[in-house]
Amino acid sequence: MAEAGGRGTNEEWFARARRVLPGGVDSPVRSFASVGGTPFTVARGEGPYVFDVEGTRYLDLVQSYGAVLLGHAHPVVLEAITRAAASGSTFGMPTPGEVLLAEDICARVPGCERVRLVSSGTEAAMSVLRLARGLTGRDRIVKFDGCYHGHADALLAGGGSGVAMLGLPGSAGVSAAAVADTLVVPYNEVPELDDTVACVIVEPLAANMSLVAPEPGFLEGLRAACDAAGALLVFDEVISGFRLGPGGATERYGVRPDLWCFGKVIGGGLPVGAFGGRAELTDALAPGGPVYQAGTLSGNPLATAAGHAVLSHVDAGDYRRLADRAVRFATALGEAIGASGLSVWTGSVGPLVGLLVGDPGAAPGAPRDLEGVRAWASSEAHRRLFHELLARGVALAPGPYEVLFPGLAHEERHLDAVVQAAGEAAASVVAAWT
Ligand SMILES: *Cc1c(COP(=O)(O)O)cnc(C)c1O
């Protein structure tokens with residue numbers, strides 16, 4: 001669907017981008033490295049749609065990897081940002097906006113009493129490790145293979161969506177010393193802990209290796225193992241927070257960690273992260289405590305205004321609607337793709353939708369850990385389906401490890417259109433399969 005644009009082509013923009021941005025992108029998942037071809041360059045977004053510089057419209061299931069909940073350019077967010085900007089964009093002094101957003105978070109997440117606002121999920125995860133180490137006087141951390149916690153050195157062992165997608169064992173440039181205290185263990189298995197472990201960090205619902213739900217007993221087992229070893233339990237709710245429901249995975253699964261990381265939705269599309277927990281723990285942070293942490297733009301007035309606007313706008317009914325639509329969408333999507341003969345697994349938890357496709361006739365089964373997801377992701381099917389869908393105006397993330405993020409702007413008719421397109425796209429993939 002073309003729109004008057006006259007702003008150059010996707011090819012031209014990407015060629016220019018590659019001259020000044022490494023790989024043409026500012027974050028590797030945006031490149032088409034794992035699907036091939038040239039990424040389109042987005043000129044604007046509106047609700048469930050993005051439009052590229054050539055005026056082509058895509059039904060967008062990426063939604064900035066989950067940072068956008070209300071849809072693009074939502075009036076409530078626009079108004080909040082505009083109003084905040086008119087009063088000055090940063091001061092390096094306390095502002096009401098950061099108090100409002102922190103109150104929003106603490107009021108919704110059971111057991112979370114205080115948060116420190118930062119500017120990304122990476123910063124939140126990096127800082128929460130320092131806090132956990134400072135509190136326990138221990139160095140070791142435990143993470144789960146396939147969970148992603150941003151790109152801090154200590155957490156780039158094993159790796160999550162971006163790293164797994166690129167097939168790297170971690171990253172060049174991460175020193176052996178930086179990951180020497182990081183243990184990487186399989187998801188959905190409770191590891192043995194000893195008194196060297198400062199914390200166990202986990203995505204309570206894994207959403208960076210497609211969608212892998214915690215099996216019954218897994219989170220409870222982590223809680224018990226941490227308590228027995230005197231280690232802290234950290235939930236990375238950067239995706240699940242304020243998306244599964246007001247209280248995120250903590251509320252959904254009924255297990256309370258000691259510390260949390262947040263990001264994505266809480267910034268309303270602007271750069272915000274947060275980490276926090278019970279007051280007796282967060283009080284170890286400077287200025288009151290010995291654990292240093294800081295940020296010039298932390299608690300930025302525009303970002304906190306956008307986040308507060310989003311969290312104030314959504315209610316329990318919205319979350320119910322999102323989850324209902326996601327269940328129906330995941331089921332219909334699986335049926336439409338499966339009818340072509342391509343093997344497929346779909347699942348949903350709350351509003352999050354997982355989609356894995358594989359060779360015709362293969363059936364790797366529902367994944368419970370990274371190995372189970374890799375069995376699907378090694379197929380050519382995803383890259384082919386991705387391009388067939390893009391040609392039909394549906395944008396998935398360009399990698400098999402990413403979840404789909406239908407949000408409040410995605411109405412039944414939009415999701416029905418995706419299902420229709422997916423059936424046709426999968427039939428084309430199978431017809432051309434060699
Ligand atoms: C996206 C993500 C992060 C990192 O957040 P950034 O804002 O990209 O730095 C951390 N943890 C999880 C679970 C994420 O999905």
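The following dialogue examines the reasoning behind several descriptions of this predicted model.

Biologist: Which residues surround the ligand, and what makes a residue count as near?

Modeller: A residue is near the ligand if one of its heavy atoms lies within 4 Å of it. The residues around the ligand are Ser120, Gly121, Thr122, Tyr148, His149, Gly150, Glu203, Asn208, Asp236, Val238, Ile239 and Lys264. This shell divides into three nonpolar, six polar and three charged residues.

Biologist: What makes the pairing of the ligand with Asp236 a polar contact?

Modeller: The cut-off for a pair of N or O atoms is 3.5 Å. A nitrogen atom of the ligand is 2.7 Å from an N or O atom in the side chain of Asp236, so the pair lies within 3.5 Å and is a polar contact. An oxygen atom of the ligand is 2.6 Å from an N or O atom in the side chain of Thr122, and an oxygen atom of the ligand is 2.9 Å from a polar backbone atom of Gly121. The protein buries 84% of the 380 Å² that the ligand exposes when taken alone.

Biologist: Why is strand β5 called largely enclosed?

Modeller: A residue is buried when its relative accessible area is under 20%. Of the five residues of β5 (residues 140–144), four are buried, so the rest of the structure largely encloses this strand.

Biologist: How do you know that β5 pairs with β6 and with β7?

Modeller: Pairing requires at least two bridges between the strands. Four bridges join β5 to β6 (residues 182–185), and these strands run parallel; the bridge partner of Lys143 in β6 is Val184. Three bridges connect β5 with β7 (residues 197–202), also in the parallel sense, and Val142 has Val200 as its bridge partner in β7. Both counts reach at least two, so both pairings hold.

Biologist: What makes β1 and β13 edge strands?

Modeller: The open sheet of four strands has the order β1-β2-β3-β13, with mixed pairing. β1 (42–46) and β13 (394–395) each have a single partner strand, so one side of each is left without a neighbour in the sheet. For β1, the pairing with β2 (residues 49–52) is antiparallel over four bridges, and Gly45 has Val50 as its bridge partner in β2.

Biologist: Why is Gln63 called buried but Ser64 partly exposed?

Modeller: Buried means under 20% relative accessible area, and partly exposed means between that value and 50%. Gln63 has a value of 1%, so it is buried. Ser64 has a value of 43%, so it is partly exposed.

Biologist: What is noted about the phi angles of Gln63 and Ser64?

Modeller: Most residues other than glycine have a negative phi. Gln63, although not a glycine, has a positive phi of about 45 degrees, and Ser64, also not a glycine, has a positive phi of about 55 degrees. Gln63 lies in helix α2 (residues 63–66), as does Ser64.

Biologist: Which peptide bond is cis, and where does its proline lie?

Modeller: The bond from Ala286 to Pro287 is cis, with omega near 15 degrees. Pro287 lies in the loop between α10 (279–282) and α11 (301–313).

Biologist: Why is α11 called mostly covered, and how does its span stand against the expected value?

Modeller: In α11, 10 of its 13 residues are buried, among them Pro301, Leu302, Gly307 and Leu311. From its first C-alpha to its last α11 reaches 18 Å, close to the 18 Å expected at 1.5 Å a residue.

How values were computed
Residues are numbered from 1 along each chain as its sequence is written. This is a predicted model: local features need pLDDT of at least 70, side-chain atom pairs count only at pLDDT 80 or more; totals for chains, interfaces and linings use all residues. Side-chain values use heavy atoms; hydrogens and water are left out. A polar contact is a pair of N or O atoms within 3.5 Å; within protein, one must be able to donate a hydrogen and the other to accept it, and residues adjacent in sequence count only if both atoms are side-chain atoms. Accessible areas come from the Shrake-Rupley method with a 1.4 Å probe; for residues, only the protein chains shown count as cover. Ala, Val, Leu, Ile, Met, Phe, Trp, Tyr, Cys and Pro count as nonpolar, Asp, Glu, Lys and Arg as charged, and the others, Gly among them, as polar. Buried means under 20% relative accessible area, exposed over 50%, partly exposed in between (1.4 Å probe, protein chains only). The expected span of a helix is 1.5 Å times one less than its number of residues.
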